[in-house]
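Okay, thanks for coming, everyone. Let me put the structure up and walk you through the parts I looked at.

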Amino acid sequence: APPPAAPAVTAAGGPATAAGSPSAGGEGPLFSPLETLPHWLVASCDGDGAVKTTGEARLRAVAAGTDLESHALIDSLCSLVLGSEAATGAAAGSAASPAARRRPSAVAVRTKAVSHLCRSVAAASRFPGVLQAAFHALFAGDATPRLQQQGAALAEHISSHAALPLLDAAGAHLLVGLLRVTRGEATPGLRPDAPEAVSMRSHAYGALAALCRRAPKLLAADSALPTELFGALRTEEAGARTPLHEALAALAKVHAPGAGGSALPAQTAARLTRLLAASAADRAPQARLAAMAWAATVFSRDDVPTRLVCLAGAADERPEVREAALAALRPVPPTKGGGSGGDE
């Protein structure tokens, strides 16, 4: 009979066990959790039931104790999404030999990899790889609605947590992608009321609200955005309406007079006044309510055209619209040592 095979050993000389698991002799694992997590993630999406079950169990165990803020792990997850084009840019992938080039992983693997990136604050600033991963998840030719949902969530995560210098540099590119999502261009084959489509738009509106707070100059330069978001109020599904209202409220603060009391440019003020007048007469109560909020936030209390808009809202059939209109009509309380706000 042939002699028994020699057992595998760890780097410390003890018997080896499954990657990421401690050996029976008490020595440390041969591979760290940071190294094994991407492999367990791939295994958890395997077509074989036994492999998938083992992979899912080990992924849960390893992920619980793994530092998701590790740049090495973030780059590994991005490489699962992007293949050899990942990490530090397309140049790295194009310079690799044909034998070393890798295609993106299976859709199920990419979906799980993107969901793990959404749990890492450091990943939000790991440019350009994480931004490429978000756009790949949203717009890849073989992307499924589930993968696109995760891509939209990652875009919101980037907008909320990326370092401000990076956001200033890449914000315009990110904004273009978000608007493609809100317009439904990312999911042409999906009904607008499908749960996945609604979820994607919800994340996109959340990302827009974050950009308004963190990169206001970028949003202020887009003169068509207020009209687009007000128009969405007429048709948006209930599941995405709250983040849409939050995006509109944040955008109103972008266009509000600055701390120095600077007024809106005349052209911008005229365009917004026409928009608010049209929205105040809209059939959708959400549009009328937003018009009152914008009139109160963006324009001063002595602006006659928008006060007329608020007077019309004061007689609205919906109580929330009436209350918002009356609040916008009240004079601003005088500051200490200042003059009176004055009644119109």
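So, the lining of the largest pocket: its residues split into seven nonpolar, four polar and five charged. Keep in mind that we're looking at a predicted model here. That makes 16 lining residues, and the ones nearest the pocket's centre are Thr182, Arg183, Gly184, Pro192 and Arg201. As for volume, the largest pocket comes out at about 230 Å³.

Which helix gives the most to that lining? It's H9, with four residues. Helix H8, residues 164-182, also chips in, and H8 and H9 each supply at least two lining residues.

Now hang on to H9, since it turns up again in the core. The largest nonpolar core has 87 residues, and the largest share of that core, nine residues, comes from helix H9, which covers residues 195-214. If you want to know who has the most contacts inside the core, look at Leu154, Leu174, Leu229, Phe230 and Trp294. As a general thing, nonpolar side chains in soluble globular proteins tend to be buried together.

Let's zoom in on Phe230. Leaving out residues up to four places away in sequence, Phe230 touches Leu248, Leu275, Leu276, Ser279, Ala287, Ala290, Ala291 and Trp294. So Trp294 is both a partner of Phe230 and on that list of core residues with the most contacts.

Stepping back to the whole chain: we've got 16 helices and zero strands. Out of 344 residues, 42% count as buried. Of the contacts between residues at least 6 apart in sequence, 63% join residues at least 24 apart. And the chain exposes about 17,000 Å², with carbon and sulfur atoms supplying 59% of that.

Methods:
Residues numbered from 1 in each chain as written. Predicted model: local features only at pLDDT ≥ 70, side-chain atom pairs only at ≥ 80, totals over all residues. Heavy atoms only, no water. Core = buried A, V, L, I, M, F, W, Y, C linked by side-chain atoms within 4.5 Å. Buried < 20%, exposed > 50% of the residue type's maximum accessible area, 1.4 Å probe, protein only. Contact = heavy atoms within 4.5 Å. 1 Å grid on protein atoms, 1.4 Å probe; cavity = no way out; pocket = protein on both sides within 12 Å on 5 of 7 lines; lining within 4 Å. Points joined across faces, edges and corners; volume = space filled by probe spheres on them. Nonpolar A, V, L, I, M, F, W, Y, C, P; charged D, E, K, R; others polar. Areas by Shrake-Rupley, 256 points an atom, 1.4 Å probe, with all protein chains shown as cover.
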